[in-house]
Amino acid sequence: MSVPVRPWRPDAPTAAERIDWPAAFGTRFLVTVDVEEEFDWSAPLDRRHRATSAMRAFPEAHRRFAAAGVGLNCMVDYPVAVDPAAVAILSNCLADGRSEIGAQLHAWVTPPYGEVVDSVTSHAGNLPVALEAAKLDQLTDAIAGAFGMRPRSFRSGRYGLGPASLALLAERGYRIDSSMRALHDYGRTGGMDFRAIDAHGFRRDGMIELPLTSVYTGMLRRRGHRLYPPARHVPHGRGVLARLGLLSRIPLTPEGVGSGDALAAIDQALADGVRLLTFSFHSPTLEPGHTPYVRNARDRVAFDRWWDAVFERLALRGVESVTVAEIVRTLTP
């Protein structure tokens, strides 16, 4: 398989594509979870890594979110969808009336296996369109069979959305995609370049796109698009900018982002007029030892404290939780 000469870079949304949220919608937030198998994040990807033992930590985490009145948009991948124990756990979570099952495509562990697994092919949007479509069909059918309903929200694993992906999703009845991570560029690892995408939702190719929220903060934030990318070529350049309060890029996730930075990012997103804040984390993070973000019990406690601080700030700012169902109803003519 040929390696792309340069990463795919979706165009910035036009004014006509921007979602004009009705006033009654207010300002809301959505929590998404990449519900997936465990693997060594520092090692090459391997189809043999399909364990889902970390799902045993999911019920307790879900209870904390449900107690806060927050539903989880669970982006389920293939190894989870074909594991009866994981399906039972997630099915119980749906009883809260606010959580929903979506789909997440990890191309390397989703049949058919027509590609050599490497950094480039792990981004499904780099695959031949027919193979991407076939994997999407296998995943969608597995989820529909496991949960008795077809998913309507989607994320491409490793943020691997490609030029044909949104149209493929729309053809299969999906309504929402959340594969674009605002302001991020994964081109160095064979992925996509989302630097032209900001945190505002938009419509494209028959789909509602809800980018994962990231914002620039700091005194130079208005020049972030121009200054932040080249700062990586300067030793410790981005760290220096952040420590001086000049420029930071902050995604809304507890994984690798401190609570203080997250609160600053929430305030900045609201100041920028973002009407829907989209948070994310990975299900293996819920059990220590599976991801770099929760290595021990202390990290796990910090994970919960992060959400406590975030929910407190959101409540203070009048930002309420929203469900996928509510978003679809709001945006359906």
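Begin by selecting helix H8 (residues 259-271) and helix H9 (297-316), whose axes come within 10 Å of each other and cross at roughly 25°. That angle makes H8 roughly parallel to H9, on a scale where angles under 35 degrees count as roughly parallel, over 145 as roughly antiparallel, 65 to 115 as roughly perpendicular and the rest as oblique. The axes are lines fitted to C-alpha atoms, for helices over the stretch in contact, and the angles run from 0 to 180 degrees between N-to-C directions.

The model on screen is predicted, and local features are reported from it at pLDDT of at least 70 and side-chain atom pairs at pLDDT 80 or more, while totals for chains, interfaces and linings use all residues. Residues are numbered from 1 along each chain as its sequence is written, and side-chain values use heavy atoms, with hydrogens and water left out. Helices (H or I, at least four residues) and strands (E, at least two) are DSSP runs, numbered from the N terminus.

**Stop 1: H8 and its surroundings**

Keep H8 and H9 displayed and look at how they cross: the crossing is right-handed, a term for the case in which the near helix is turned clockwise from the far one by less than a right angle, with anticlockwise giving left-handed. Show side chains for Ser259, Ala262, Leu263, Ile266 and Asp267 of H8 and for Trp306, Ala309, Val310, Arg313 and Leu314 of H9, which make the contact (heavy atoms within 4.5 Å). These residues divide into seven nonpolar, one polar and two charged, where Ala, Val, Leu, Ile, Met, Phe, Trp, Tyr, Cys and Pro count as nonpolar, Asp, Glu, Lys and Arg as charged, and the others, Gly among them, as polar.

Now select H8 alone, which has 13 residues and reaches 18 Å from its first C-alpha to its last, close to the 18 Å expected at 1.5 Å a residue; the expected span is 1.5 Å times one less than the number of residues. Its buried residues are Ala262, Leu263, Ala265, Ile266, Gln268, Ala269 and Leu270, buried meaning under 20% relative accessible area, exposed over 50% and partly exposed in between (1.4 Å probe, protein chains only). Add strand E8 (214-217), strand E9 (248-251) and strand E10 (276-282) to the view, since the buried residues of H8 pack against these strands and against H9. Just after H8, Gly273 takes a positive phi of about 85°.

**Stop 2: H1 between two partners**

Next, select helix H1 (residues 58-67) together with H9; the two pack at an angle of about 15°, with their axes 11 Å apart. H1 is thereby roughly parallel to H9, and passes it in a right-handed crossing. Display Ala61, Arg64 and Phe65 of H1 with Arg300, Asp304, Arg305, Trp307, Asp308 and Phe311 of H9, the residues that make this contact; by class they are four nonpolar, no polar and five charged.

Then replace H9 with helix H3 (residues 84-93), which packs with H1 at an angle of about 15°, the axes being 10 Å apart. H1 and H3 are therefore roughly parallel to each other, and here too H1 passes its partner in a right-handed crossing. The residues to show are Phe58, Pro59 and His62 in H1, which meet Ile89, Leu90 and Cys93 in H3; this contact has five nonpolar, one polar and no charged residues.

**Stop 3: loops and backbone geometry**

Most residues other than glycine have a negative phi, and most peptide bonds are trans. Move to the loop between strand E5 (176-177) and strand E6 (202-204), where Gly191 lies and where Leu183 is also found. Leu183 has a positive phi near 70° and, at 5% relative accessibility, counts as buried. Gly191 is buried as well, at 2%, and touches Pro7, Trp8, His123 and Tyr186, not counting residues up to four places away in sequence.

Select His236 next, in the loop between helix H6 (224-231) and helix H7 (237-243); its phi is also positive, near 60°, but His236 is exposed, with a relative accessible area of 66%. For the peptide geometry, go to the loop between strand E3 (100-105) and helix H4 (129-147), which holds Pro112: the bond from Pro111 to Pro112 is cis, with omega near 0°.

Finish at Asp40, in the loop between strand E1 (28-35) and H1, which is partly exposed at 43%. A distance drawn between the C-alpha atoms of Asp40 and Arg98, 58 residues apart along the chain, spans 32 Å.
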